[in-house]
Amino acid sequence: MPDYILAIDQGTTSSRAIVFDGTGNSVAVAQQEFHHYFPRDGWVEHDAVEIWESTLAVCREALEAAQIDAARLAGIGITNQRETTVIWDRASGAPIHHAIVWQDRRTASVCTKLKTDGHEDTVVERTGLLIDPYFSATKIAWILDNTDGARARADAGELAFGTIDSWLLWNLTGGQSHLTDATNASRTALFNIHQQQWDDELLALFRVPRALLPEVMDCAADFGHTDAEWLGAPVPVAGIAGDQHAALIGQACFEPGMAKSTYGTGCFLMLNTGDQALRSENRLLTTMAYRLKGKPCYAMEGSIFVAGAAMQWLRDGLRLIRHASESTAHAEQVGVDNPVYLVPAFTGLGAPHWDPHARGAIMGLTRDTGIAEIVTAGLQSVCYQTKDLIRAIQNDGARLQALRVDGGMAVNDWVMQFLADIVNVTVDRPRVTETTALGAAYLAGLQTGVFQSLEEISQLWERERRFTPDMKPALRESLYAGWLDAVERVCNN
């Protein structure tokens, strides 16, 4: 029996492929960054063809590094940056426009009008999402309205829409599979999470032709086989989930009340709510956790647009550091009681503020402020934003006993201790922090028989380190009050 799984982790800044063995251990990794395009203020685009080519390249590289051929793969799991929107020609496979990235805010005015016209309650009720440029629906309509002849071609069934999972699947299968999974579908603002199907009323509201849409599958399913030319042998694609849902699975958060927070380009906190799709009164999102064997599991999610991207900006934009790892020394020098606040609202603010017009700022500057204080403020901003989310979750009546963390910034001990201190919750870091790719591998393994159950997967989770709150309440409250004041100054709502 084939005993390896290839996980494709197509993220916002890079494409990665990881080969896992049958016990969930990483055998080989390959990664490749790709270009971002910023045509105007608040606009963010990717070249979908470059994403596909970089994905294929890292898949081949990872197999070579693992010294196995494709015939040894039980299956492939795909996890992806969510909401990013691609529309392509069904005949040629060529995209008709650059992919519009989840961070993009070009449809803010459209969203404002939809909310003013009283449509948000319907969208929240059916999708669990707010009306915001973040989600795919208004991006789809924008491409159709701003590409010559696209709307007529879409109505005629000549074009296909997909989030990045669908785009990669289409290419991997040589155009045979136009499918997505329930988690990615749930991020479009077109999918009714209660009825588990595309919603005709929402399609009409957002002006999206049904002919564009992929079929929605479970997260572990038969998504088709790769074309033999890509990897040297046909391989079943057996699992798909959006990156945050995959991380929840990779963190084995299968029981209601379990939560994970992923620190990548953005930060995403997700709390499993079981078979209950709880509606937030504090502007969090209700979303799919996963769907297996036709049974939906729901989650409550808070989305922060900028986490690791703030450190990228300090490195590449301001050139205050040469490498993200240098930030720890700065933070240790400054300490937690830092009077400087960096609000990284580069493309607006996500939950719980949802202000697409907010822009970034650095507050509390004095003549004594130096590089160390600003870099430390960048690290702290991620923790303060997480506290915003946890406070909203707690105000919705949910309780967190512990928080499982992953993603690039989770390896930073200083940040994780400050996180535990400022949110006043125990923070657990797993032995394997690449939980997003691991979740995709678990899904493919469930479908192909490498793993038998969620219970088996739960047994594989191991804690590497626990961070326990150790900050005096007065300092915690004072620091957070300074953050709330800084945020209020950049908000337009």
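**Exercise 1. Over which ring does the charged end of Arg82 sit, and how far from its centre?**

Solution. The model is a predicted one, and the positions discussed here are read from it. Start from the charged end of Arg82, which sits over the ring of Phe268 at 5.3 Å from the ring centre. Next, turn to the salt bridges of this arginine: Arg82 is linked with Glu83, Arg187, Asp243 and Glu301 in a network of salt bridges. A further case of a charge over a ring is Lys387, which lies over the face of Tyr480, at 5.1 Å from the ring centre.

**Exercise 2. Classify the ring pairs Trp313–Phe346 and Tyr442–Phe451, and describe the surroundings of each ring.**

Solution. A pair of aromatic rings is described by the distance of the centres and the angle of the planes. A search of the whole structure gives 15 aromatic pairs. For Trp313 and Phe346 the ring centres are 5.0 Å apart and the planes stand at 55°, so this pair is tilted. The partners come from distant parts of the chain, since Trp313 belongs to helix α11 (residues 308-317) and Phe346 to the loop between β18 (341-343) and β19 (361-363), with their positions 33 residues apart. Trp313, at 28% relative accessibility, is partly exposed, and Phe346, at 26%, is likewise partly exposed.

For Tyr442 and Phe451 the centres lie 5.2 Å apart and the planes meet at 85°; because planes over 60 degrees apart count as edge-to-face, that is the class of this pair. Tyr442 is buried at a relative accessible area of 3%, and Phe451 is buried at 2%. Elsewhere, ring pairs join Tyr341, Tyr384, Trp414, Phe418 and Trp483 into a cluster.

**Exercise 3. Is helix α10 enclosed or open, and what surrounds the acidic residue Asp406?**

Solution. Begin with the helix: eight of the eight residues of α10 (residues 243-250) are buried, so the helix is largely enclosed by the rest of the structure. Among these buried residues are Asp243, His245 and Ala247, and Asp243 also takes part in the salt-bridge network with Arg82. Just after α10, Ala252 adopts a positive phi of about 55°.

Then move to Asp406, which lies in strand β20 (residues 402-406) and touches several residues, including Ala247, Gln251, Tyr263 and Thr433. Although Asp406 is buried, it has no salt bridge, and the nearest side chain of opposite charge, that of Lys260, is 5.2 Å away, whereas a salt bridge requires the nitrogen and oxygen to be within 4 Å. The side chain of Asp406 does make a polar contact, at 3.0 Å, with the side chain of Thr435.

**Exercise 4. Which parts of the chain are tied together by the salt bridges Glu434–Arg16 and Asp200–Arg210?**

Solution. The whole structure contains 32 salt bridges. In one of them, the side chains of Glu434 and Arg16 meet at 2.8 Å, N to O. Glu434 is in the loop between β21 (426-430) and α15 (435-448) and Arg16 is in strand β2 (residues 14-21), so the pair ties together parts 418 residues apart in sequence. Glu434 is partly exposed at 35% relative accessibility, while Arg16 is buried at 11%.

In the other, Asp200 and Arg210 meet at 2.9 Å, N to O. Asp200 lies in helix α8 (residues 200-206) and Arg210 in the loop between α8 and β12 (215-217), so this pair ties together parts that are ten residues apart in sequence. Asp200 is exposed at 51% relative accessibility, and Arg210 is partly exposed at 41%.

Technical notes: Residues numbered from 1 in each chain as written. Predicted model: local features only at pLDDT ≥ 70, side-chain atom pairs only at ≥ 80, totals over all residues. Heavy atoms only, no water. Phe/Tyr/Trp six-rings, centres within 6.5 Å; stacked < 30°, edge-to-face > 60°. Helix = DSSP H or I, 4+ residues; strand = E, 2+ residues; numbered from the N terminus. Buried < 20%, exposed > 50% of the residue type's maximum accessible area, 1.4 Å probe, protein only. Lys NZ or Arg CZ within 6 Å of the ring centre and 35° of its normal. Lys, Arg positive; Asp, Glu negative; His and termini not counted. Polar contact = N/O pair within 3.5 Å; in protein donor to acceptor, adjacent residues only side chain to side chain. Contact = heavy atoms within 4.5 Å. Lists of a residue's contacts leave out its neighbours within four places in sequence.
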